[in-house]
Amino acid sequence: MSKKRLDLIIVLIILTTLGNGKGIPGDKGAIDWYETFEKMPPHPNMQVEMSRDSEIFTELNIPAILAILNHELSEGNWQELQSDDRKRILDILNDPNLVFIYTGKQSVVAHSSGAQTIDKITVKFNQDGWFHLGSPMSYHRIAKHILHELAHVDQERNNYFGRPLNTKEWWPDELENMLPEEKFTAEQVTNMADFLSKYSNLQGSWIGCDGRVVEFKLEGSEYVGRYTSLANLGDYGFKLNEVGYSATRTTEGTYKGKVKWRYTSGKQHWVNMTITVTGDSYSDTGSDHCSRNMTRKITD
Ligand SMILES: [Zn+2]
């Protein structure tokens, strides 16, 4: 073999290794993966039935479980899972229209997962889906039950059974049994929850394209945004420390609220909008072009 050819092979080997660095399962923890690729964690609408405590999702670290599940399904080495199947489940998990409802009740029908898929976007979780004898189930078990229902949603959406006999439980059972237990230890889930509380947090200062800075602070249950640097906004009559935003958190990394518009005529009004926070990126649906996408201002 010529030297040139050998060099080429070596280069190819190095390139292949580098390329794999991004996708090899287990080469990066879930947290690194979110940070490095600025991934958005799944953020379904999480609701409770009756007057159940809506903190249940946070208490059981459901957003963190979903975030790890998302990383696992995206990067994990699930040899028995076809790539088409994987993609459909990921699409469902990351669908912002997906609705999780916690009923707080016992299941009325005997069902292994303690949950019920209602339609293409709605899944109800019962008490026996997340608790056993009054104590929360392990994170891995909760994750399995969630994954099980995602497969049922897949059946609702895509009429997918995975086997010729239309046995409804086959595909969900098969899928949940692939979920690795070692990725859902208490330590990993609480670490992810800690990470998300910063990663998806609106609190702090954000810089717009002209150098304006908005600082969001939590006041009661509301995130209030004030201008700490105006840049071009001074031309429209904005003042330093003036309130320009108010929003409340709806789900992981998303906030609903309003933004104040001012005009050179002296008029002002508020516009309804939704804010999304992913790591150091802010975006909303109601600001001017310069505040619509902002970057987190890192202090110290
Ligand atoms: Zn089922």
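On one side of helix 5 (residues 83-93), Ser83, Asp84 and Lys87 are exposed, where exposed means that 12 or fewer other C-beta atoms lie within 10 Å of a residue's own, buried means 20 or more, and partly exposed covers what is in between, with C-beta atoms placed from the backbone. On the other side, the buried residues of helix 5 are Ile89, Ile92 and Leu93. These buried residues line one face of helix 5, because they fall within an arc of 100 degrees when seen down the axis; the arc is taken from the directions that run from the helix axis to the C-beta atoms. The cover over this buried face includes helix 4 and helix 7. Helices here are DSSP runs of H or I with at least four residues, strands are runs of E with at least two, and both are numbered from the N terminus.

The structure is a predicted model, in which local features need pLDDT of at least 70 and side-chain atom pairs count only at pLDDT 80 or more, while totals for chains, interfaces and linings use all residues. Residues are numbered from 1 along each chain as its sequence is written. The protein has ten helices and 14 strands. Of its 300 residues, 30% are buried. Among the contacts with a separation of 6 or more, 51% join residues 24 or more positions apart; two residues are in contact if their C-beta atoms, placed from the backbone, lie within 7 Å.

Helix 5 also gives a good start for looking at how helices pack. Its axis and that of helix 7 are 10 Å apart, and the packing angle is about 100 degrees. Axes are lines fitted to C-alpha atoms, for helices over the stretch in contact, and angles between N-to-C directions run from 0 to 180 degrees. Helix 5 is therefore roughly perpendicular to helix 7: angles of 65 to 115 degrees count as roughly perpendicular, under 35 as roughly parallel, over 145 as roughly antiparallel, and the rest as oblique. In this contact, Arg88, Ile89, Ile92 and Leu93 of helix 5 meet Leu150, Ala151, Val153, Asp154 and Asn158 of helix 7. Six of the residues are nonpolar, one is polar and two are charged. Here Ala, Val, Leu, Ile, Met, Phe, Trp, Tyr, Cys and Pro count as nonpolar, Asp, Glu, Lys and Arg as charged, and the others, Gly among them, as polar.

Helix 7 (139-158) is also part of what covers the buried residues of helix 8. In helix 8 (residues 170-177), the buried residues are Trp171, Pro172, Leu175 and Glu176. Because they cover an arc of only 125 degrees around the axis, they are on the same side of helix 8.

The axes of helix 4 and helix 9 come within 8 Å and cross at roughly 100 degrees, so these two helices are roughly perpendicular to each other. Helix 4 brings Pro63, Ala64, Ile65, Ala67 and Ile68 to the contact, and helix 9 brings Gln188, Val189, Met192, Ala193 and Leu196. Nine of these residues are nonpolar, one is polar and none is charged. Ala64 can be followed further. This residue of helix 4 (residues 62-75) counts as buried because it has 25 C-beta neighbours inside 10 Å. Not counting residues up to four places away in sequence, Ala64 touches Val189, Met192, Ala193 and Leu196. From C-alpha to C-alpha, Ala64 lies 7.4 Å from Thr190 in space, although 126 residues separate them in sequence.

Helix 9 (residues 186-199) packs with helix 2 (residues 30-37) as well, at an angle of about 20 degrees and with axes 10 Å apart. Helix 2 is therefore roughly parallel to helix 9. Their contact joins Ala30, Ile31 and Tyr34 of helix 2 to Asn191, Met192, Phe195 and Tyr199 of helix 9. By type, the residues of this contact are six nonpolar, one polar and no charged.

Two loop residues complete the picture. Most residues other than glycine have a negative phi. Asn159, in the loop between helix 7 and helix 8, has a positive phi near 55 degrees. Asn159 is exposed, because 8 other C-beta atoms lie within 10 Å. Asn241, in the loop between strand 9 (222-229) and strand 10 (243-251), also has a positive phi, near 70 degrees. With 11 C-beta neighbours inside 10 Å, Asn241 counts as exposed.
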